[in-house]
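Reader: I'm new to this structure and would love a close look at one part of it. Could you pick a spot and walk me through it?

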Amino acid sequence: MTDTPADPIRPTDDAARALARDLISGARFGALGVIDPETGFPAVTRIALGSGPEGGLWTLVSGLSAHARALRADPRVSVLLGEPGAKGDPLTHPRLSLQAEALPLAANDPRRAAARARWLADHPKAKLYIDLGDFFFVEFRLIGGALNGGFGRAFRLTAEDLA
């Protein structure tokens with residue numbers, strides 16, 4: 001007889017949804033996972049994060065970066081949010097791994113002015129580079145996620161759970 005391990009994923013509840021939404025709304029940076037179009041291997045980088053003009057999760061990237069080239073080649077990305085607290089085991093602190101589609105904002109999109117104003121309100125130091133020609137905004141359309149709310153608190157989330 002083979003012992004089948006118990007499924008560690010709990011049923012998603014309102015507390016898990018709230019924690020995930022708090023991690024998203026409070027994120028100022030995170031790790032972005034893309035597929036490198038030259039090698040086919042995953043690549044991860046740290047990016048700044050913030051809200052867009054109507055909310056949601058956005059970033060501002062340089063078109064010269066490897067991750068910008070990768071997300072233009074394949075818009076499927078993963079974003080990891082959540083930072084360890086000042087004390088304790090870092091793996092006991094909440095974190096959220098999101099699956100998303102990266103949607104670059106065209107330079108002539110009418111939302112760009114609002115995105116710029118919102119970004120600078122949250123990231124004032126970006127004033128040094130936000131208007132350089134290679135920088136552009138990316139909106140993440142959230143598809144789902146995996147929330148680790150701390151030891152023994154794992155949840156799968158849908159796009160609806162994250163909205």
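Author: Happy to! A word on terms to begin with: helices and strands here are DSSP runs, numbered from the N terminus, where a helix (H or I) has at least four residues and a strand (E) at least two. Please keep in mind that this is a predicted model.

Let's look at His123, which sits in the loop between α3 (112-122) and β8. Is His123 buried or exposed? With a relative accessible area of 13%, His123 is buried, because the cut-off for that word is under 20%. Its side chain comes to 2.9 Å from the backbone oxygen of Leu49. Leaving aside residues up to four places away in sequence, His123 touches Arg28, Ala48, Leu49 and Gly50.

Strand β8 (135-148), which follows that loop, leads us on to another part, as β8 is among the elements that cover the buried residues of helix α2. Those buried residues are His67, Ala68, Ala70 and Leu71. They cover an arc of only 160° around the axis, so they lie on the same side of α2. On the other side of this helix, Arg72 and Ala73 are exposed. The cover over the buried residues also includes β2 (29-35), β3 (42-48), β5 (55-62), β6 (76-81) and β7 (95-104).

Stepping back, the protein chain has four helices and nine strands. Of its 163 residues, 37% count as buried. Among contacts between residues at least 6 apart in sequence, 64% join residues at least 24 apart.

Technical notes. Residues are numbered from 1 along each chain as its sequence is written. This is a predicted model: local features need pLDDT of at least 70, side-chain atom pairs count only at pLDDT 80 or more; totals for chains, interfaces and linings use all residues. Side-chain values use heavy atoms; hydrogens and water are left out. Buried means under 20% relative accessible area, exposed over 50%, partly exposed in between (1.4 Å probe, protein chains only). The arc is that of the directions from the helix axis to the C-beta atoms. Contact means heavy atoms within 4.5 Å. A polar contact is a pair of N or O atoms within 3.5 Å; within protein, one must be able to donate a hydrogen and the other to accept it, and residues adjacent in sequence count only if both atoms are side-chain atoms.
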